[in-house]
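Please open the structure in your viewer and keep the sequence panel beside it, since each stop on this tour begins with something to select. Take your time at every stop before moving to the next.

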Amino acid sequence: MSTMFSNKNIQPVFTCPYCTKISSHNWESILENHYAVTGIGAQIPSHEIDKIVVAQCNLCHEKSYWFQQFDNVHPFLVYPKIAFNIDLPNNDMPRHIQDIYNEAALIADLSFGASASLSRLALEKLLIHLDYKNGRLVDKIDAIMADGKLSTESAIMMQAIRHDGNVGTHEGSINLQEDGEIPKFLLDSLNTLVDELITKPKVLSARLDKLPDAYKKGITTPENL
Ligand SMILES: [Zn+2]
């Protein structure tokens, strides 16, 4: 995720950690620690003050909390806790799966096994969401592959998530030092799968809806495909 300030005055614009949209925020200091560097009663320059700031998103109205140290121009996010080196979940990922994704991202640096297991759980929930409800995860993957909905690359990503999630659950022995990139790979793969299985079909469907019915029928009937 990128967190970007384009205006730090009254309504800073940055990526909201909740709705993930770039939006303006009400930026209000709720706690200030003044440094008496210029003597009692002196005016303290604003850049010499530590601040806890509450920022309320003007789109989703959720509040995030930031700490701004007086000698550092860049405030850092205190709450909600998010993993900065891992992308936020795809917006089209169902909310209950986003919650699992975010949890997997938060612990990625601490426990490969736990993160991989959660990625596996997120994949299973995704397949159930897509109506592949029967059998074990491997059966669900086989079923969606049989339906021709997966590219070769996506099939590899699904199998990697399933396999590594199993390892995380049953062994937990993968070395985080050596394999530190894997939790991020699994989560990136989940985002890519959502893009392929939810976002792209949705975009195509919206485009088709704008076409004249006769033309649409002509290009989507089975004998023309
Ligand atoms: Zn927001």
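Select helix H2 (residues 112-129) and helix H3 (residues 137-146) in this predicted model, and you will find that the two pack at an angle of about 50°, with their axes 10 Å apart. An angle between 35 and 65 degrees is neither roughly parallel nor roughly perpendicular, and H2 and H3 are therefore described as oblique to each other. Their crossing is left-handed. If you now show the side chains, the residues that meet are Arg 120, Leu 123, Glu 124, Leu 127 and Ile 128 on the side of H2, and Leu 137, Lys 140, Ile 141 and Ile 144 on the side of H3.

Stay with this pair for a moment and select Asp 131, which you will find in the loop between H2 and H3. Is Asp 131 buried or exposed? Its relative accessibility is 56%, and because exposed means over 50%, Asp 131 counts as exposed. Look also at its backbone, where phi is positive, at about 80°, although Asp 131 is not a glycine. This deserves a second look because most residues other than glycine have a negative phi.

Next, keep H2 on the screen and add helix H5 (residues 182-209). The axes of H2 and H5 come within 9 Å and cross at roughly 10°, and since angles under 35 degrees count as roughly parallel, H2 and H5 are roughly parallel to each other. To see where they meet, select Phe 112, Ser 115, Ala 116, Ser 119, Ala 122, Leu 123, Leu 126 and His 129 in H2, and then, in H5, select Ile 182, Pro 183, Leu 186, Leu 187, Leu 190, Leu 193, Val 194 and Ile 198. Notice that Leu 123 of H2 appears both in this list and among the residues that meet H3.

While H5 is still selected, pick out Ser 189, which is placed in this helix. Ser 189 has a relative accessible area of 1%, and because buried means under 20%, Ser 189 counts as buried. Which residues does Ser 189 touch, if those up to four places away in sequence are not counted? They are Met 157 and Ile 161.

Now bring in helix H1 (residues 95-106), whose axis comes within 10 Å of the axis of H5 and crosses it at roughly 160°. An angle over 145 degrees counts as roughly antiparallel, and this is therefore how H1 and H5 lie to each other. H1 passes H5 in a left-handed crossing, and the contact is made by Tyr 101, Ala 104 and Ala 105 of H1 together with Leu 187, Leu 190 and Asn 191 of H5.

Within H1, select Gln 98. With a relative accessibility of 13%, Gln 98 counts as buried, and once its neighbours within four places in sequence are left aside, Gln 98 is in contact with Pro 89, Asn 90, Asn 91 and Met 93. Move next to the loop between strand E5 (76-79) and H1, where Pro 80 lies. A cis peptide bond, with omega at about 0°, joins Tyr 79 and Pro 80.

The tour now turns to the zinc ion. Which atoms coordinate the zinc ion? They are the SG atoms of Cys 16, Cys 19, Cys 57 and Cys 60, at 2.3 to 2.4 Å. The angles among these four donor atoms are 105 to 118°, and the site is tetrahedral. In the sequence panel, the donor residues are spaced C-x2-C-x37-C-x2-C. Distant parts of the chain are linked here, with Cys 16 in the loop between strand E1 (13-15) and strand E2 (22-34), and Cys 60, 44 residues apart from it, in the loop between strand E3 (49-57) and strand E4 (63-68). Cys 16 is buried at 1% relative accessibility, whereas Cys 60 is partly exposed at 27%. In the loop between E3 and E4 you can also select His 61, a residue other than glycine whose phi is positive, near 70°.

Finally, show the whole protein chain, which has six helices and five strands in the order β-β-β-β-β-α-α-α-α-α-α. Of its 225 residues, 37% are buried.

Conventions:
Residues numbered from 1 in each chain as written. Heavy atoms only, no water. Donors = N, O, S within 2.8 Å, 3.2 Å for Na, K, Ca; no water. Tetrahedral: all angles 85-135°; square planar, octahedral: opposite > 155°, others 65-115°. Helix = DSSP H or I, 4+ residues; strand = E, 2+ residues; numbered from the N terminus. Buried < 20%, exposed > 50% of the residue type's maximum accessible area, 1.4 Å probe, protein only. Axes fitted to C-alpha atoms, helices over the stretch in contact; angles between N-to-C directions. Parallel < 35°, antiparallel > 145°, perpendicular 65-115°, else oblique. Left-handed = near helix turned anticlockwise from the far one by under 90°. Contact = heavy atoms within 4.5 Å.
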